[in-house]
Amino acid sequence: MSTNVLRTTGGASRSSEAESGGGWWVVRDERAFRIETKALTTAELLADRDAVRAAAASDGPGTPAADLVALPPVTTPCRVVAQMVNYRSHAKDSGFTGDIPPTFFRKASGSVSGPHAPVIRPAHVNFLDYEVELGLVMGAPLPVGTVVEEQDLPRYVAGLVLTNDVSARDVQLTKTQFYESKSYPTFTPTGPYLTLLEPEDFAHLLNLRLRLSVNGVSRQDRTLADMIVRPAQALTLLARFQTLDPGDLLLTGTPGGTALKAPPKLAEKIGALLPPALKWKAFFKGQAKNPRYLRSGDLITATIATPDGHIDLGEQRTPVTDAP
């Protein structure tokens with residue numbers, strides 16, 4: 001059975017019943033049980049699984065989990081790698097047809113933020129978008145040249161996290177610049193839980209359902225069955241050129257429903273005839289009428305879980321605010 005681990009800040013509990021002091025906790029039935037470990041990083045925690053198991057087996061009263069202030073359960077610095085266009089529904093929204101070559105990009109780990117911390121929109125960004133994504137947290141080194149079969153996943157993947165790959169579309173499209181557009185501080189809300197998996201839990205991955213809403217209105221809702229390149233194949237493809245280590249994070253793509261969608265084919269053909277500056281000016285003039293882009297005051301809510309609750313990565317609630 002999977003184990004949900006929370007990382008918290010110190011001295012900021014919301015009630016007198018909660019223990020003060022930061023650290024790592026196992027959360028079970030809305031109660032949190034402290035993990036007695038010296039681990040400061042996610043990699044160090046993953047190396048101390050006995051301490052996690054001891055906390056999970058605790059029969060003490062625990063602490064109300066709701067009273068603890070969650071930090072991202074993936075510590076930084078770490079490698080943050082992401083898959084581009086990896087759900088059929090997102091490929092359709094993006095105007096892709098036929099086979100889509102697997103593509104990866106990097107995000108700065110400085111973009112990782114807490115599961116309830118605000119997403120801050122830089123002043124020069126006008127088209128801020130959301131992308132709920134399943135994150136794989138590595139539990140073992142993945143050397144270059146590794147071939148990962150489905151049955152090998154438990155050897156390399158320690159657990160899962162809920163993430164939001166926030167994107168500045170006007171930077172991404174005009175500069176063809178994924179790294180900058182997705183790496184501003186607070187552009188990767190992560191958590192609340194690091195959900196550690198047992199080998200038998202991996203059989204439930206395809207049942208995971210990703211959902212995201214803005215101000216209570218559903219925007220994204222798909223299961224992993226919609227995924228194009230699944231985790232084992234993704235790790236094999238990534239290992240052709242990239243080493244990963246324990247605590248590193250792989251974002252596995254987002255389903256359809258983002259604010260950005262490809263324009264009609266006729267508009268694309270006309271745009272292709274224009275100089276890039278004119279093309280993007282015309283494109284974003286049209287996008288300015290799209291109310292789905294994020295604005296200050298919006299509240300993003302996201303969950304990833306199996307329908308039976310066998311795996312539940314928790315709920316992420318992140319308000320959007322403008323940079324001062």
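The second largest pocket in this predicted model has a volume of about 620 Å³. Of the 26 residues lining that pocket, Asn-4, Val-27, Glu-30, Ala-65 and Tyr-193 come closest to the centre. If you'd like to find the pocket by its strands, look for β1, β2 and β20, residues 312-322, since each gives at least two residues to the lining. The biggest contribution is from β20, with four residues. By class, the lining of this second largest pocket splits into 12 nonpolar, seven polar and seven charged residues.

Now, two of those strands turn up again when we look at helix α2. The buried residues of α2 pack against β1 (3-8) and β2 (23-28), and also against β3, α1, β12 and β15. Which residues of α2, spanning 49-56, are buried? They are Arg-49, Ala-51, Val-52 and Ala-55. These four sit on the same side of the helix, because they cover an arc of only 155 degrees around its axis. As a reminder, an α-helix has 3.6 residues a turn, so residues three or four places apart point the same way. On the face of α2 turned away from the buried side, you'll find Asp-50 and Ala-54, both exposed.

Let's finish with the largest pocket, at about 740 Å³. Its lining has 33 residues, and the ones nearest the centre are Ser-94, Leu-173, Leu-260, Pro-263 and Trp-280. The elements giving two or more residues to that lining are β6 (80-84), α5 (169-175), α8 (265-272) and α9 (276-287). As for chemistry, the lining of the largest pocket has 15 nonpolar, 10 polar and eight charged residues. Thanks, everyone!

Key:
Residues are numbered from 1 along each chain as its sequence is written. This is a predicted model: local features need pLDDT of at least 70, side-chain atom pairs count only at pLDDT 80 or more; totals for chains, interfaces and linings use all residues. Side-chain values use heavy atoms; hydrogens and water are left out. Buried means under 20% relative accessible area, exposed over 50%, partly exposed in between (1.4 Å probe, protein chains only). The arc is that of the directions from the helix axis to the C-beta atoms. Contact means heavy atoms within 4.5 Å. On a 1 Å grid over the protein atoms alone, a cavity is a set of points where a 1.4 Å probe fits but cannot get out, and a pocket is an open set with protein on both sides within 12 Å along at least five of seven lines; lining residues have an atom within 4 Å of a point. Grid points are joined across faces, edges and corners, and a volume is the space filled by probe spheres set on the points. Ala, Val, Leu, Ile, Met, Phe, Trp, Tyr, Cys and Pro count as nonpolar, Asp, Glu, Lys and Arg as charged, and the others, Gly among them, as polar.
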